[in-house]
Amino acid sequence: MSDTVHFQARGRKVVGCTLLVIALGASVTACMGDDNPLSAAPYDAAGQISFNGPTDAGEKADPDKPLEVVAEGADGRITDVTAMDATGRYVAGELSADGARWHSTSPLAANARYTVRVSTENDDGEPGRKILTLETGRPSAKKTLNVVFGPEAGAYGVGQPITADLSQPVRDKAQRAVVERALKVDSTPAVEGAWYWVDDKKLHYRPREYWPAHATVQVRSALEGIKIGDRMWGGTAKPLKITTEDHVVAVTDAAAHTLTVYRDGTEIRKIPVTTGKPGFETRNGVKVVLGKEPFVRMRSSTVGIAEGSSESYDLPVYFATRVTWSGEYVHAAPWSVGSQGSANVSHGCVGMSNANAKWFFGAVQEGDLVQVVNSGGKTMESFGNGFGDWNLDWTKWRTGSALTGGAGSAAHSQEAARLRPAAV
(Lines give C-alpha, C1' and ligand atoms only; values in the text may rest on other atoms or scores of the structure.)
Protein backbone atom coordinates (compact mmCIF):
# COMPACT_ATOMS: atom_id res chain seq x y z
CA MET A 1 0.00 0.00 0.00
CA SER A 2 1.15 3.54 -0.64
CA ASP A 3 2.34 5.84 2.12
CA THR A 4 -0.49 6.47 4.58
CA VAL A 5 -1.29 9.93 5.81
CA HIS A 6 -1.90 10.09 9.56
CA PHE A 7 -0.55 13.18 11.27
CA GLN A 8 -1.29 14.70 14.67
CA ALA A 9 -0.78 18.33 15.62
CA ARG A 10 2.31 18.66 17.80
CA GLY A 11 3.06 20.71 20.87
CA ARG A 12 0.01 19.63 22.89
CA LYS A 13 -0.60 16.75 25.25
CA VAL A 14 -3.70 14.77 24.36
CA VAL A 15 -4.85 11.85 26.46
CA GLY A 16 -5.27 8.48 24.81
CA CYS A 17 -9.05 8.56 25.03
CA THR A 18 -9.15 11.89 23.24
CA LEU A 19 -7.19 10.35 20.38
CA LEU A 20 -9.68 7.51 20.24
CA VAL A 21 -12.57 9.95 20.07
CA ILE A 22 -10.93 11.85 17.24
CA ALA A 23 -10.15 8.67 15.33
CA LEU A 24 -13.50 7.00 15.76
CA GLY A 25 -15.81 10.00 16.06
CA ALA A 26 -17.68 8.35 18.90
CA SER A 27 -18.18 9.04 22.60
CA VAL A 28 -16.06 7.05 24.98
CA THR A 29 -17.85 6.93 28.28
CA ALA A 30 -15.29 4.60 29.82
CA CYS A 31 -12.83 7.49 30.05
CA MET A 32 -15.06 10.48 30.73
CA GLY A 33 -18.47 11.51 31.93
CA ASP A 34 -21.37 12.57 29.74
CA ASP A 35 -20.69 16.21 30.60
CA ASN A 36 -17.23 16.13 29.03
CA PRO A 37 -17.23 18.00 25.70
CA LEU A 38 -15.26 15.16 24.08
CA SER A 39 -18.10 12.70 24.68
CA ALA A 40 -20.25 14.41 22.03
CA ALA A 41 -20.31 13.38 18.38
CA PRO A 42 -17.90 15.40 16.20
CA TYR A 43 -19.29 18.71 15.04
CA ASP A 44 -19.35 19.75 11.36
CA ALA A 45 -15.98 21.41 10.77
CA ALA A 46 -16.95 22.96 7.43
CA GLY A 47 -16.75 26.47 8.83
CA GLN A 48 -13.40 25.82 10.47
CA ILE A 49 -11.39 24.79 7.41
CA SER A 50 -10.78 25.82 3.80
CA PHE A 51 -9.87 23.48 0.99
CA ASN A 52 -8.23 24.23 -2.36
CA GLY A 53 -10.29 21.64 -4.26
CA PRO A 54 -12.97 22.57 -6.82
CA THR A 55 -16.33 23.69 -5.42
CA ASP A 56 -18.56 23.77 -8.50
CA ALA A 57 -20.44 20.66 -9.63
CA GLY A 58 -18.60 18.80 -12.39
CA GLU A 59 -15.39 20.79 -11.90
CA LYS A 60 -12.24 18.70 -11.62
CA ALA A 61 -9.04 19.37 -9.73
CA ASP A 62 -5.71 19.89 -11.42
CA PRO A 63 -3.58 16.82 -10.53
CA ASP A 64 -0.49 19.00 -11.01
CA LYS A 65 -1.35 20.91 -7.85
CA PRO A 66 -1.03 19.53 -4.30
CA LEU A 67 -4.04 19.25 -2.03
CA GLU A 68 -4.17 21.78 0.79
CA VAL A 69 -6.40 22.06 3.86
CA VAL A 70 -6.10 25.19 6.05
CA ALA A 71 -7.59 25.90 9.48
CA GLU A 72 -9.59 29.13 9.42
CA GLY A 73 -9.75 31.47 12.39
CA ALA A 74 -8.04 31.31 15.75
CA ASP A 75 -10.44 29.00 17.56
CA GLY A 76 -9.50 25.66 16.06
CA ARG A 77 -6.82 23.48 14.55
CA ILE A 78 -6.48 20.48 12.26
CA THR A 79 -5.59 17.26 14.06
CA ASP A 80 -5.63 14.69 11.26
CA VAL A 81 -6.11 14.42 7.48
CA THR A 82 -6.38 11.32 5.29
CA ALA A 83 -6.80 11.44 1.52
CA MET A 84 -7.52 8.22 -0.38
CA ASP A 85 -8.54 7.39 -3.93
CA ALA A 86 -11.22 4.92 -4.97
CA THR A 87 -8.70 2.05 -5.17
CA GLY A 88 -7.65 2.48 -1.54
CA ARG A 89 -4.36 4.20 -2.31
CA TYR A 90 -3.45 6.90 0.24
CA VAL A 91 -1.83 10.24 -0.51
CA ALA A 92 1.16 11.17 1.65
CA GLY A 93 1.10 14.58 3.30
CA GLU A 94 2.40 16.83 6.05
CA LEU A 95 0.57 18.60 8.88
CA SER A 96 2.17 21.69 10.37
CA ALA A 97 3.15 21.54 14.04
CA ASP A 98 0.49 24.08 15.00
CA GLY A 99 -2.26 22.27 13.10
CA ALA A 100 -2.86 25.26 10.85
CA ARG A 101 -2.16 23.63 7.46
CA TRP A 102 -1.96 20.23 5.81
CA HIS A 103 -0.70 19.65 2.26
CA SER A 104 -0.08 16.57 0.13
CA THR A 105 3.49 15.53 -0.58
CA SER A 106 2.94 12.68 -3.04
CA PRO A 107 1.51 13.02 -6.56
CA LEU A 108 -2.19 12.76 -7.29
CA ALA A 109 -3.40 10.37 -9.96
CA ALA A 110 -5.16 11.76 -13.00
CA ASN A 111 -8.82 10.91 -13.65
CA ALA A 112 -9.27 9.70 -10.06
CA ARG A 113 -11.80 10.31 -7.29
CA TYR A 114 -10.49 11.18 -3.82
CA THR A 115 -12.10 11.21 -0.40
CA VAL A 116 -10.47 13.60 2.08
CA ARG A 117 -11.30 13.16 5.77
CA VAL A 118 -10.39 16.11 7.98
CA SER A 119 -10.44 15.99 11.79
CA THR A 120 -10.27 19.19 13.85
CA GLU A 121 -10.75 20.39 17.39
CA ASN A 122 -11.73 23.74 18.86
CA ASP A 123 -10.25 25.56 21.84
CA ASP A 124 -12.44 23.55 24.20
CA GLY A 125 -11.04 20.31 22.83
CA GLU A 126 -14.24 19.32 21.07
CA PRO A 127 -13.62 17.18 17.97
CA GLY A 128 -14.82 18.21 14.54
CA ARG A 129 -15.05 16.28 11.31
CA LYS A 130 -15.50 17.12 7.63
CA ILE A 131 -15.45 14.72 4.67
CA LEU A 132 -14.59 16.25 1.31
CA THR A 133 -14.51 14.68 -2.14
CA LEU A 134 -12.90 15.70 -5.39
CA GLU A 135 -12.11 14.33 -8.81
CA THR A 136 -8.95 14.99 -10.76
CA GLY A 137 -8.96 15.70 -14.47
CA ARG A 138 -6.96 14.46 -17.41
CA PRO A 139 -3.21 15.05 -17.36
CA SER A 140 -2.05 17.96 -19.46
CA ALA A 141 1.44 16.54 -19.89
CA LYS A 142 2.64 15.46 -23.30
CA LYS A 143 5.03 12.80 -22.01
CA THR A 144 3.84 9.40 -20.83
CA LEU A 145 6.27 7.06 -19.12
CA ASN A 146 5.46 3.44 -19.94
CA VAL A 147 7.33 0.50 -18.45
CA VAL A 148 8.27 -2.85 -19.97
CA PHE A 149 9.34 -5.52 -17.50
CA GLY A 150 11.70 -8.36 -18.33
CA PRO A 151 12.44 -11.13 -18.84
CA GLU A 152 9.48 -12.75 -20.55
CA ALA A 153 7.14 -14.74 -18.33
CA GLY A 154 8.41 -18.25 -17.65
CA ALA A 155 10.77 -20.36 -15.53
CA TYR A 156 14.34 -19.24 -14.82
CA GLY A 157 17.35 -19.94 -12.68
CA VAL A 158 17.79 -18.30 -9.30
CA GLY A 159 20.20 -15.66 -10.64
CA GLN A 160 17.77 -14.01 -13.06
CA PRO A 161 17.42 -10.25 -12.41
CA ILE A 162 14.19 -8.38 -13.14
CA THR A 163 14.52 -5.50 -15.60
CA ALA A 164 12.37 -2.41 -16.15
CA ASP A 165 12.78 -0.46 -19.40
CA LEU A 166 11.31 3.06 -19.35
CA SER A 167 9.94 4.85 -22.40
CA GLN A 168 11.23 8.22 -21.15
CA PRO A 169 14.51 9.14 -19.44
CA VAL A 170 14.27 10.00 -15.73
CA ARG A 171 17.27 11.89 -14.37
CA ASP A 172 16.00 13.77 -11.32
CA LYS A 173 16.42 11.80 -8.08
CA ALA A 174 13.03 12.85 -6.70
CA GLN A 175 11.33 11.74 -9.91
CA ARG A 176 13.27 8.49 -9.83
CA ALA A 177 11.96 7.91 -6.33
CA VAL A 178 8.37 8.33 -7.57
CA VAL A 179 9.00 5.79 -10.34
CA GLU A 180 10.86 3.32 -8.19
CA ARG A 181 8.30 3.41 -5.40
CA ALA A 182 5.59 2.43 -7.89
CA LEU A 183 7.48 -0.58 -9.34
CA LYS A 184 6.40 -3.45 -7.13
CA VAL A 185 8.19 -6.81 -6.87
CA ASP A 186 6.67 -9.51 -4.68
CA SER A 187 8.11 -12.98 -4.23
CA THR A 188 6.92 -16.13 -2.52
CA PRO A 189 8.86 -16.93 -0.37
CA ALA A 190 9.47 -13.26 0.45
CA VAL A 191 13.04 -11.95 0.15
CA GLU A 192 14.76 -8.61 0.59
CA GLY A 193 15.52 -6.89 -2.70
CA ALA A 194 16.03 -3.51 -4.36
CA TRP A 195 16.01 -1.71 -7.72
CA TYR A 196 19.21 -0.30 -9.23
CA TRP A 197 19.19 2.52 -11.80
CA VAL A 198 21.52 1.25 -14.52
CA ASP A 199 20.92 4.44 -16.51
CA ASP A 200 18.17 7.01 -17.07
CA LYS A 201 15.88 4.50 -18.80
CA LYS A 202 16.71 1.11 -17.29
CA LEU A 203 16.46 -0.43 -13.84
CA HIS A 204 17.46 -3.87 -12.57
CA TYR A 205 15.97 -5.60 -9.53
CA ARG A 206 17.62 -8.41 -7.58
CA PRO A 207 17.37 -9.87 -4.08
CA ARG A 208 20.11 -9.45 -1.51
CA GLU A 209 21.03 -13.08 -2.15
CA TYR A 210 19.89 -15.23 -5.06
CA TRP A 211 16.19 -15.96 -5.44
CA PRO A 212 15.01 -18.99 -3.49
CA ALA A 213 14.60 -22.14 -5.55
CA HIS A 214 11.02 -22.78 -6.70
CA ALA A 215 9.91 -19.23 -5.91
CA THR A 216 7.18 -17.20 -7.61
CA VAL A 217 8.05 -13.61 -8.48
CA GLN A 218 5.36 -11.12 -9.54
CA VAL A 219 6.12 -7.65 -10.86
CA ARG A 220 3.69 -4.80 -11.48
CA SER A 221 3.56 -1.02 -11.79
CA ALA A 222 1.33 1.43 -9.93
CA LEU A 223 2.50 4.37 -12.05
CA GLU A 224 -0.47 4.79 -14.36
CA GLY A 225 -1.95 8.27 -13.99
CA ILE A 226 0.65 9.39 -11.43
CA LYS A 227 2.52 12.65 -11.97
CA ILE A 228 6.26 11.96 -12.09
CA GLY A 229 7.54 15.40 -12.90
CA ASP A 230 6.95 18.46 -15.02
CA ARG A 231 4.91 17.32 -18.04
CA MET A 232 5.54 13.62 -17.34
CA TRP A 233 2.92 11.14 -16.15
CA GLY A 234 2.99 7.44 -15.50
CA GLY A 235 1.65 5.20 -18.22
CA THR A 236 1.00 1.53 -18.71
CA ALA A 237 2.97 -1.58 -17.80
CA LYS A 238 2.08 -5.21 -18.35
CA PRO A 239 2.49 -7.24 -15.14
CA LEU A 240 5.09 -10.01 -15.13
CA LYS A 241 5.22 -13.36 -13.40
CA ILE A 242 8.21 -15.69 -13.37
CA THR A 243 9.13 -18.76 -11.37
CA THR A 244 12.51 -20.14 -10.39
CA GLU A 245 13.73 -23.70 -10.71
CA ASP A 246 16.53 -25.52 -8.85
CA HIS A 247 19.52 -23.56 -7.52
CA VAL A 248 22.13 -24.32 -10.21
CA VAL A 249 25.62 -22.79 -10.24
CA ALA A 250 28.58 -23.82 -12.36
CA VAL A 251 31.96 -22.83 -10.90
CA THR A 252 34.85 -22.65 -13.35
CA ASP A 253 38.29 -22.73 -11.72
CA ALA A 254 40.62 -21.42 -14.39
CA ALA A 255 43.71 -22.45 -12.45
CA ALA A 256 42.48 -26.00 -11.88
CA HIS A 257 40.99 -26.22 -15.42
CA THR A 258 37.70 -27.62 -14.12
CA LEU A 259 34.03 -26.66 -14.22
CA THR A 260 31.98 -28.04 -11.31
CA VAL A 261 28.19 -27.99 -11.47
CA TYR A 262 26.20 -27.79 -8.23
CA ARG A 263 22.46 -28.33 -7.96
CA ASP A 264 20.85 -27.20 -4.70
CA GLY A 265 24.28 -27.26 -3.06
CA THR A 266 25.23 -30.75 -4.19
CA GLU A 267 28.01 -31.39 -6.71
CA ILE A 268 26.57 -33.28 -9.67
CA ARG A 269 29.43 -33.16 -12.20
CA LYS A 270 33.06 -32.04 -12.54
CA ILE A 271 34.18 -31.37 -16.10
CA PRO A 272 37.72 -30.80 -17.44
CA VAL A 273 37.82 -27.49 -19.34
CA THR A 274 40.07 -24.93 -20.93
CA THR A 275 39.64 -21.19 -20.44
CA GLY A 276 41.21 -18.04 -21.89
CA LYS A 277 44.93 -18.07 -22.57
CA PRO A 278 47.26 -15.15 -21.70
CA GLY A 279 46.03 -11.99 -23.43
CA PHE A 280 42.53 -13.45 -23.78
CA GLU A 281 41.80 -14.36 -20.16
CA THR A 282 38.23 -15.31 -19.22
CA ARG A 283 36.45 -12.78 -17.04
CA ASN A 284 36.29 -13.57 -13.34
CA GLY A 285 33.10 -13.21 -11.38
CA VAL A 286 29.46 -14.26 -11.52
CA LYS A 287 27.61 -14.33 -14.82
CA VAL A 288 24.03 -15.30 -15.59
CA VAL A 289 23.09 -17.65 -18.43
CA LEU A 290 21.56 -15.45 -21.15
CA GLY A 291 20.50 -18.19 -23.52
CA LYS A 292 21.40 -21.45 -25.22
CA GLU A 293 22.31 -21.77 -28.91
CA PRO A 294 22.66 -25.26 -30.42
CA PHE A 295 24.94 -23.89 -33.15
CA VAL A 296 27.01 -20.71 -33.44
CA ARG A 297 29.50 -19.70 -36.11
CA MET A 298 32.33 -18.03 -34.21
CA ARG A 299 34.54 -15.66 -36.18
CA SER A 300 37.43 -13.72 -34.72
CA SER A 301 36.66 -10.68 -36.87
CA THR A 302 33.51 -9.98 -34.80
CA VAL A 303 35.67 -9.25 -31.75
CA GLY A 304 38.41 -7.25 -33.37
CA ILE A 305 40.89 -9.97 -34.37
CA ALA A 306 42.01 -9.37 -37.95
CA GLU A 307 41.35 -12.11 -40.49
CA GLY A 308 44.51 -13.91 -41.49
CA SER A 309 46.34 -13.02 -38.27
CA SER A 310 47.90 -15.66 -36.06
CA GLU A 311 44.92 -15.48 -33.67
CA SER A 312 42.14 -15.47 -36.26
CA TYR A 313 39.53 -18.25 -36.38
CA ASP A 314 36.26 -19.18 -38.07
CA LEU A 315 34.71 -22.20 -36.37
CA PRO A 316 31.37 -24.02 -36.18
CA VAL A 317 30.53 -24.35 -32.48
CA TYR A 318 27.87 -26.60 -30.94
CA PHE A 319 26.06 -26.64 -27.61
CA ALA A 320 26.88 -23.00 -26.88
CA THR A 321 25.62 -21.55 -23.59
CA ARG A 322 25.90 -17.75 -23.71
CA VAL A 323 26.98 -15.74 -20.65
CA THR A 324 27.87 -12.33 -22.19
CA TRP A 325 26.45 -10.36 -25.10
CA SER A 326 29.95 -9.78 -26.44
CA GLY A 327 30.51 -13.45 -27.15
CA GLU A 328 31.60 -15.41 -24.08
CA TYR A 329 30.15 -18.92 -24.03
CA VAL A 330 30.51 -22.29 -22.39
CA HIS A 331 30.62 -24.56 -25.44
CA ALA A 332 31.92 -27.68 -27.15
CA ALA A 333 35.54 -27.35 -28.26
CA PRO A 334 36.63 -30.73 -29.66
CA TRP A 335 39.78 -29.15 -31.14
CA SER A 336 41.17 -28.48 -27.62
CA VAL A 337 40.33 -31.77 -25.88
CA GLY A 338 44.05 -32.43 -25.39
CA SER A 339 44.38 -29.27 -23.30
CA GLN A 340 41.13 -29.55 -21.37
CA GLY A 341 41.86 -30.20 -17.70
CA SER A 342 45.48 -29.12 -18.02
CA ALA A 343 45.97 -25.82 -19.92
CA ASN A 344 44.14 -22.64 -20.92
CA VAL A 345 44.21 -22.20 -24.69
CA SER A 346 40.91 -20.48 -25.67
CA HIS A 347 40.19 -16.89 -26.63
CA GLY A 348 38.09 -16.37 -23.49
CA CYS A 349 35.34 -18.96 -23.70
CA VAL A 350 35.11 -22.06 -21.52
CA GLY A 351 35.64 -25.07 -23.77
CA MET A 352 34.91 -28.75 -23.15
CA SER A 353 34.34 -31.98 -25.04
CA ASN A 354 31.26 -32.52 -27.21
CA ALA A 355 29.78 -34.98 -24.73
CA ASN A 356 30.32 -32.73 -21.74
CA ALA A 357 29.05 -29.66 -23.59
CA LYS A 358 25.89 -31.52 -24.61
CA TRP A 359 25.30 -32.54 -21.00
CA PHE A 360 25.93 -29.01 -19.71
CA PHE A 361 23.64 -27.55 -22.39
CA GLY A 362 20.82 -29.74 -21.12
CA ALA A 363 21.55 -29.19 -17.43
CA VAL A 364 21.32 -25.39 -17.32
CA GLN A 365 18.75 -22.78 -18.33
CA GLU A 366 18.42 -19.00 -18.54
CA GLY A 367 19.01 -17.42 -15.16
CA ASP A 368 21.38 -20.10 -13.89
CA LEU A 369 24.75 -18.97 -12.56
CA VAL A 370 28.20 -19.40 -14.06
CA GLN A 371 31.04 -18.25 -11.82
CA VAL A 372 34.69 -18.00 -12.88
CA VAL A 373 37.46 -17.94 -10.28
CA ASN A 374 41.27 -17.85 -10.40
CA SER A 375 41.49 -16.39 -13.89
CA GLY A 376 43.86 -13.62 -14.83
CA GLY A 377 41.01 -11.74 -16.48
CA LYS A 378 39.15 -8.70 -15.20
CA THR A 379 35.90 -9.03 -13.27
CA MET A 380 32.69 -9.30 -15.26
CA GLU A 381 31.11 -5.89 -15.91
CA SER A 382 28.16 -5.17 -13.63
CA PHE A 383 26.01 -3.93 -16.52
CA GLY A 384 26.03 -3.60 -20.28
CA ASN A 385 27.39 -6.99 -21.28
CA GLY A 386 24.86 -9.34 -19.77
CA PHE A 387 23.94 -9.73 -16.12
CA GLY A 388 26.93 -9.02 -13.91
CA ASP A 389 24.60 -7.71 -11.21
CA TRP A 390 25.78 -10.22 -8.63
CA ASN A 391 29.33 -8.85 -8.73
CA LEU A 392 28.16 -5.83 -6.70
CA ASP A 393 27.88 -6.49 -2.98
CA TRP A 394 24.57 -5.59 -1.33
CA THR A 395 25.81 -2.32 0.15
CA LYS A 396 26.99 -1.13 -3.24
CA TRP A 397 23.82 -2.36 -4.92
CA ARG A 398 21.65 -0.27 -2.63
CA THR A 399 23.50 2.90 -3.64
CA GLY A 400 21.87 2.50 -7.04
CA SER A 401 18.38 2.90 -5.58
CA ALA A 402 16.70 6.32 -5.50
CA LEU A 403 14.99 5.24 -2.27
CA THR A 404 17.88 3.77 -0.29
CA GLY A 405 21.02 4.90 -2.12
CA GLY A 406 23.20 7.93 -2.42
CA ALA A 407 24.72 9.02 -5.69
CA GLY A 408 22.98 6.29 -7.65
CA SER A 409 24.49 4.33 -10.47
CA ALA A 410 26.92 6.92 -11.82
CA ALA A 411 29.91 4.69 -11.18
CA HIS A 412 28.42 1.89 -13.25
CA SER A 413 26.02 3.40 -15.77
CA GLN A 414 28.69 3.93 -18.40
CA GLU A 415 29.89 0.35 -18.49
CA ALA A 416 29.56 -1.16 -21.97
CA ALA A 417 30.27 -4.47 -23.63
CA ARG A 418 33.97 -5.03 -24.21
CA LEU A 419 33.99 -6.08 -27.85
CA ARG A 420 37.64 -7.00 -28.07
CA PRO A 421 39.62 -10.25 -28.05
CA ALA A 422 39.26 -10.81 -24.31
CA ALA A 423 35.52 -11.10 -24.84
CA VAL A 424 35.54 -14.37 -26.73
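Buried residues are those with under 20% relative accessible area. The views below are taken from a predicted model.

**View 1. Tyr 156 is a buried residue of strand 10.** Tyr 156 lies in strand 10, which spans residues 154-156. Its relative accessible area is 7%, which is under the 20% cut-off, and Tyr 156 therefore counts as buried. Beyond the residues up to four places away in sequence, Tyr 156 touches Pro 151, Ile 242, Thr 243, Thr 244, Glu 245, Gln 365 and Glu 366. Of these, Glu 366 is separated from Tyr 156 by 210 residues in sequence, yet the C-alpha to C-alpha distance is 5.5 Å. The side chain of Tyr 156 also reaches the backbone oxygen of Glu 152, at 2.6 Å.

**View 2. Strands 10, 18, 15 and 12 form an open sheet with mixed pairing.** The strands follow the order 10-18-15-12. Strand 10 and strand 12 (183-188) occupy the edges and have a single partner strand each, so one side of each is left without a neighbour in the sheet. From one strand to the next, the twist averages 25°. Strand 10 is also the strand that holds Tyr 156.

**View 3. Helix 2 lies across strand 12 and strand 15.** The two strands run antiparallel and are joined by six bridges, with strand 15 covering residues 216-221. Within this pairing, Asp 186 stands opposite Gln 218 of strand 15. Helix 2 comprises residues 173-182 and runs at about 35° to strand 12.

**View 4. Strand 17 pairs with strand 9 and with strand 16.** Strand 9 (residues 143-150) and strand 17 (residues 232-237) run parallel and are joined by four bridges. Val 147 has Ala 237 in strand 17 as its bridge partner. The pairing of strand 17 with strand 16 (residues 227-229) is antiparallel and extends over two bridges. Here Gly 229 stands opposite Met 232 in strand 17. Strands 16 and 17 form a hairpin with two residues between them, and Arg 231 in the turn has a positive phi of about 65°.

**View 5. Strands 2, 3, 6 and 5 form an open antiparallel sheet.** The order of the four strands is 2-3-6-5. At the edges are strand 2 (49-51) and strand 5 (93-95), each of which pairs on one side only. The twist averages 10° from one strand to the next. Strand 5 is paired with strand 6 (residues 101-104) in the antiparallel sense over three bridges. Glu 94 stands opposite His 103 in strand 6.

**View 6. Helix 3 has a buried side and exposed residues on the other side.** In this helix, which spans residues 354-363, the buried residues include Asn 356, Ala 357, Phe 360, Phe 361 and Ala 363. These residues cover an arc of only 165° around the axis, and so they fall on the same side of helix 3. On the other side of helix 3, Ala 355, Lys 358 and Gly 362 are exposed.

**View 7. Two segments of the model have pLDDT under 50.** Residues 1-33 stay under 50 throughout, and the model has 60 contacts beyond four places in sequence for them. Residues 407-424 likewise stay under 50, with 58 such contacts. For the protein, the mean pLDDT is 86, and 85% of the residues reach 70 or more.

Notes:
Residues are numbered from 1 along each chain as its sequence is written. This is a predicted model: local features need pLDDT of at least 70, side-chain atom pairs count only at pLDDT 80 or more; totals for chains, interfaces and linings use all residues. Side-chain values use heavy atoms; hydrogens and water are left out. pLDDT is the predictor's confidence in each residue, from 0 to 100. Contact means heavy atoms within 4.5 Å. Two strands pair if DSSP finds at least two bridges between them. Axes are lines fitted to C-alpha atoms, for helices over the stretch in contact, and angles run from 0 to 180 degrees between N-to-C directions. Buried means under 20% relative accessible area, exposed over 50%, partly exposed in between (1.4 Å probe, protein chains only). The arc is that of the directions from the helix axis to the C-beta atoms. A polar contact is a pair of N or O atoms within 3.5 Å; within protein, one must be able to donate a hydrogen and the other to accept it, and residues adjacent in sequence count only if both atoms are side-chain atoms.
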